[in-house]
Amino acid sequence: MTVRTRFAPSPTGYLHIGGVRTALFNWLFARRHGGQFILRIDDTDLARNIDEALDPILEGLRWLGIDWDEGPGVGGPYGPYFQSQRADRYRTAAEKLLASGHAYRDYATPAELDEERKAAQAAGKPFLYSRRFAAFDDAAAARFEAEGRKPVVRLKMPREGSLVLEDAVRGRVEFAWEREQDHVIQRADGSCLYHLASVVDDHDLAITHVIRAEEHLSNTPRQAFIALSLEYELPGYAHLPLVAEPGSRTKLSKRKLATYLKNQDFRRVMEHGQAIAERIGLTGEADTFNPVIVDFYREVGYLPWAIDNYLALLGWSFDDKTEFFTREELIEKFSLERINASPASFDPKKLWAVEDHYMAALPVEEKLALMLPYLEKAGLVASPPTAEQREIVGKVIEAAGDRLKVAGDILAYADFFLVDEPEMDPAAVAKRLAKPGVRPLLEAFTAAARETEPFEPGPLEDALKATAEAAGAKVGDLVHPVRVAITGRGVGPGLYDYLAILGRERSLARLERALPRCG
RNA sequence: GCCCCCAUCGUCUAGUGGCCCAGGACGUCGGAUUCUCAGUCCGAAAACCGGGGUUCGACUCCCCGUGGGGGUGCCA
């Protein structure tokens, strides 16, 4: 039997981090077993701008390297892969259920149902519909119709016995049938509901393993009932632990963004991203541009595999030591058995550390390819960049080293090489330049730099140290003012590298321009 | 209310009765290196939710609490 898994997102316009984790696990499991991963679109709500709402999701998955064997864009033998195009399949299934007595037409109004529900709750009893508006024969149906009622189709759930399921993550779980509601599977207007659609689709698409979030665990009995009644073979189930809010156990939701932003780590990641977005002219709406949504990471320039690797560790582990995996390793090592059952909270700090790890390991050439587009978007280099610009940026990347965590970080490290007059950070100027005694030091170094030959890091270091020593000052007393003069900032990579990258002429010009601001 | 799931350092986790006075990682704190920042290196603090069983022996098994979460929709 070929393993077939699926990810079935609704076209909401964004790809949620928890959704990605689900997609990733499905994809990994399919790849692990040489099976197929199917992308199905749960668009029963018939959103108008389906493409617009779907694109970010497809793009996000592609970016993450989660490729699908069947679904939008690639087709496949089991299509269509949009629920909106499969409505007749659901209606046929509903008819079958009706005919076999596993469902019935119900004429109760929502208000009447609600009344029963409330009464049960008030009595402290589990709610069980009385079925008093159920039409089990035509005569009853005609009577209700005569009253002007419209029917929905409800499941006729068993009222005794229980369902025992073997969940790959949770083990044996048992549900008493009598606790299950007679859920509606078809609305009064004839359209069908999620649970029916989902079960029919999983069967039609020959899905062998349903791997989904834990929030669906309680839904499983009613879905299993539908499947069993339709004489489908039950798929294997694996209910993944919830991805929870940072520092909490509550399900991560994009609606509660404001709450998450109170979390310091989360806010830092957000602000870091916003700073980059601003410079590349991204009008980041908080709705989609935030650390709960995958687009955020793509736009800011995280490495997709860092996200995948981090997410794989959210609820799954290989052993007590291994944390980094290549794509091939992860596929080879992934298994449902090692999925943890308890919820895992999303930790932006850990994601950051994983990103740091992969970015640090990336060869300069690859970083360059990733980072140049950011400088282009910010208008700091030509489009395409000139050979000279490429060279400068390449050198900056080398000098900046591990300081570049995401591709967008290049903006803060290369900008002052690409403009004639860098902006001066007032705080840095006040702290390092506008102090008594700085000016003569800087003048002395300017003179020394004029003569330094060649204008390379080594000789420059010697020159600076000699200058400081001659003036009876510490190296730091000179390094800091020079950095501010050159870059406009108080912190940054090795100064000698930066001087060399900038070149003699431009370095001297900046040093001279800084002199008047000295104390 | 009712049903279901979950419970090890702040966080992600290892641990399937003795190897555990609980291991790793992120983060935190301290130190070293350095021109700042980043990094790197060294070191430290930090957890088995509570109570009962079972057992020669429980983080590991069972029960009960407690806490957290999910479901309970003509949402998905």
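This briefing describes a protein chain and the RNA strand beside it, beginning with the whole chain and ending with single residues.

The structure is a predicted model, in which local features need pLDDT of at least 70 and side-chain atom pairs count only at pLDDT 80 or more, while totals for chains, interfaces and linings use all residues. Residues are numbered from 1 along each chain as its sequence is written, chains are lettered from A and ligands numbered from 1 in the order in which they are written, and side-chain values use heavy atoms, with hydrogens and water left out. Chain A contains 22 helices and 12 strands. Around RNA strand B there are 68 residues.

**Overall form of chain A**

- Helices (H or I, at least four residues) and strands (E, at least two) are DSSP runs, numbered from the N terminus.
- The radius of gyration of chain A is 31 Å, whereas a compact globule of 519 residues would have a value near 24 Å. This radius is taken over C-alpha atoms, and the globule rule is 2.2 Å times the number of residues to the power 0.38.
- Along the principal axes, the C-alpha atoms of chain A fill a box of roughly 105 × 45 × 40 Å.
- Of the 519 residues in chain A, 52% are buried. Buried means under 20% relative accessible area, exposed means over 50%, and partly exposed lies in between (1.4 Å probe, protein chains only).
- The exposed area of chain A is about 23,900 Å², of which carbon and sulfur atoms supply 50%. Accessible areas come from the Shrake-Rupley method with a 1.4 Å probe, and for residues only the protein chains shown count as cover.
- Among contacts in chain A (heavy atoms within 4.5 Å) with a separation of 6 or more, 73% are between residues 24 or more positions apart.

**The surface near RNA strand B**

- A residue is near the strand if one of its heavy atoms lies within 4 Å of it. Arg117, Arg187, Glu323, Arg403 and Gly492 come nearest to RNA strand B.
- Of the atoms of RNA strand B that come within 4 Å of the protein, 74% belong to sugar and phosphate.
- Several elements each supply at least two residues of this surface, among them helix H4 (110-122), helix H6 (194-204), helix H13 (348-361) and strand S7 (171-176).
- The surface residues comprise 23 nonpolar, 19 polar and 26 charged. In this grouping, Ala, Val, Leu, Ile, Met, Phe, Trp, Tyr, Cys and Pro count as nonpolar, Asp, Glu, Lys and Arg as charged, and the others, Gly among them, as polar.
- A polar contact is a pair of N or O atoms within 3.5 Å; within protein, one must be able to donate a hydrogen and the other to accept it, and residues adjacent in sequence count only if both atoms are side-chain atoms.
- A polar backbone atom of Tyr194 is 3.1 Å from a phosphate oxygen of RNA strand B. For a backbone N or O atom of Ser345, the distance to a phosphate oxygen of the strand is 3.0 Å.
- The side chain of Glu323 places an N or O atom 2.2 Å from a sugar or linking oxygen of RNA strand B.

**Unusual backbone geometry**

- Most residues other than glycine have a negative phi, and most peptide bonds are trans.
- The peptide bond from Gly79 to Pro80 is cis, with omega near 0°. Pro80 belongs to the loop between helix H2 (50-63) and helix H3 (87-99).
- Ser383 and Pro384 are also joined by a cis peptide bond, with omega about 0°. Pro384 lies in the loop between helix H14 (364-377) and helix H15 (387-400).
- Arg131, which is not a glycine, has a positive phi of about 65°. Arg131 sits in the loop between H4 and strand S4 (134-135), and counts as buried at 15% relative accessibility.
- Glu231 has a positive phi near 60°. This residue is in the loop between helix H7 (220-229) and strand S10 (236-240); Glu231 is exposed, with a relative accessible area of 73%.

**Two residues in their surroundings**

- His239 is part of strand S10 and is buried, with a relative accessible area of 1%.
- The side chain of His239 makes a polar contact of 2.6 Å with that of Asp167 and one of 3.2 Å with that of Arg212.
- Not counting residues up to four places away in sequence, His239 touches residues including Val169, Ala213, His216 and Leu217.
- Arg89 is located in helix H3 and is partly exposed, with a relative accessible area of 33%.
- Arg89 touches Val200 and Asp204, not counting residues up to four places away in sequence.
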